[in-house]
Amino acid sequence: MTDASAPVHNGPAAQKRPAISFEFFPPKTEEMERNLWDTITRLTPLAPNFVSVTYGAGGSTRERTHSTIARILSETELRPAAHLTCVGAARGEIDEIVSRYHDIGVRHIVALRGDPPGGIGTAYSTHPDGYRSSADLVAGIKRQYGDIEVSVSAYPEKHPESRDIDADIDVLKAKVDAGAARAITQVFFDNDLYLRYLDRVRARGIFIPIVPGIMPMHNFRQARAFVTKAGTTVPSWLAEKFEGLDDDPETRKLVAATVAAGQVQKLAKRGVDTFHFYTMNRADLVFTVCHLLGIRPDAAQKAA
């Protein structure tokens with residue numbers, strides 16, 4: 001177990017200004033497109049290390065993901081990371097997607113097994129000619145382009161399909177051995193879960209950054225339904241903070257920012273120096289949390 005009095009650094013050395021990254025999803029409509037770019041404009045001055053764009057189950061958002069990544073590259077100074085999954089495609093098709101990304105300048109891919117096309121809870125099956133696992137996908141990307149950095153997922157409460165936490169860490173170890181440079185965690189709300197997981201991962205000889213994934217709860221009911229399907233525990237104390245606020249979005253927003261800021265500040269005090277924010281294509285809460293973490297546009301520009 002980690003000594004509660006000792007810092008837990010998540011990289012080679014502690015940083016005064018935490019490193020941050022943001023996750024977006026590709027927009028479906030013109031209004032959602034405008035909202036996404038308002039969000040990107042608001043968050044860009046915080047100088048994230050990278051921003052990632054998600055990829056729908058079964059590759060359902062493939063072209064929207066690609067066009068969003070291409071626009072980020074052409075219109076901003078941000079470093080985009082493209083999500084990519086194994087689901088529903090042959091190796092040759094996946095390799096072609098990687099090649100297209102490489103051709104437009106993408107040098108970072110978030111490689112995931114992906115959810116079944118029917119969603120979490122339905123049976124998963126691999127394409128007969130496809131990559132068999134996320135580790136297989138990582139290896140395929142690195143064979144194709146050694147200059148592409150690959151990030152992967154990690155699960156402080158284990159993946160819902162894993163037998164136990166040790167089996168889940170076996171999967172992470174396979175991804176690291178295949179060439180993964182970073183792992184980004186599934187959402188969690190109990191910092192002790194993350195710290196215990198980090199202890200186990202380090203004990204297994206895995207020393208890549210294990211970046212905590214943080215999600216401010218813009219809409220608590222919707223967010224709880226979404227994250228619990230993926231195996232995340234929502235503590236009763238957190239649910240209690242949102243009681244009676246279903247019809248009060250302004251107070252709900254203040255509570256959400258306070259909870260997320262408290263979580264990252266406590267992790268930072270333990271030496272965690274890198275955070276990945278699931279933005280849900282909204283800037284307000286993430287910007288607030290970053291501000292409270294000491295990440296300001298002026299400071300970011302000076303650090304750049």
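In this predicted model, helix α9 passes helix α10 in a right-handed crossing, and this pair of helices is a useful place to begin. Two packed helices are described by the angle between their axes and by the distance that separates those axes. Here α9, which covers residues 249–269, and α10, which covers residues 284–292, pack at an angle of about 40 degrees, while their axes lie 9 Å apart. That angle makes α9 oblique to α10.

The residues that bring the two helices together can be named on both sides: from α9 come K253, A256, A257, A260, A261, V264 and Q265, and these meet D284, L285, T288, V289 and L292 in α10. Sorted by class, the contact of α9 with α10 consists of eight nonpolar, two polar and two charged residues.

Helix α9 also takes part in the surroundings of another helix, α6, because the buried residues of α6 pack against α9 as well as against β5 (149–154), α5 (165–178), β6 (182–185) and β7 (210–211). The residues of α6 that are buried are N191, L193, Y194, L195, Y197, L198, V201 and R202. Helix α6 itself runs over residues 191–203, and its 13 residues reach 18 Å from the first C-alpha to the last, which is close to the 18 Å expected at 1.5 Å a residue.

A last stop is K229, a residue found in helix α7, which spans residues 220–229. K229 counts as exposed because its relative accessible area is 59%, where exposed means over 50%. The C-alpha atom of K229 is separated by 8.4 Å from that of P160, although the two residues are 69 residues apart along the chain.

Terms used
Residues are numbered from 1 along each chain as its sequence is written. This is a predicted model: local features need pLDDT of at least 70, side-chain atom pairs count only at pLDDT 80 or more; totals for chains, interfaces and linings use all residues. Side-chain values use heavy atoms; hydrogens and water are left out. Axes are lines fitted to C-alpha atoms, for helices over the stretch in contact, and angles run from 0 to 180 degrees between N-to-C directions. Helices (H or I, at least four residues) and strands (E, at least two) are DSSP runs, numbered from the N terminus. Angles under 35 degrees count as roughly parallel, over 145 as roughly antiparallel, 65 to 115 as roughly perpendicular and the rest as oblique. A crossing is left-handed if the near helix is turned anticlockwise from the far one by less than a right angle, and right-handed if clockwise. Contact means heavy atoms within 4.5 Å. Ala, Val, Leu, Ile, Met, Phe, Trp, Tyr, Cys and Pro count as nonpolar, Asp, Glu, Lys and Arg as charged, and the others, Gly among them, as polar. The expected span of a helix is 1.5 Å times one less than its number of residues. Buried means under 20% relative accessible area, exposed over 50%, partly exposed in between (1.4 Å probe, protein chains only).
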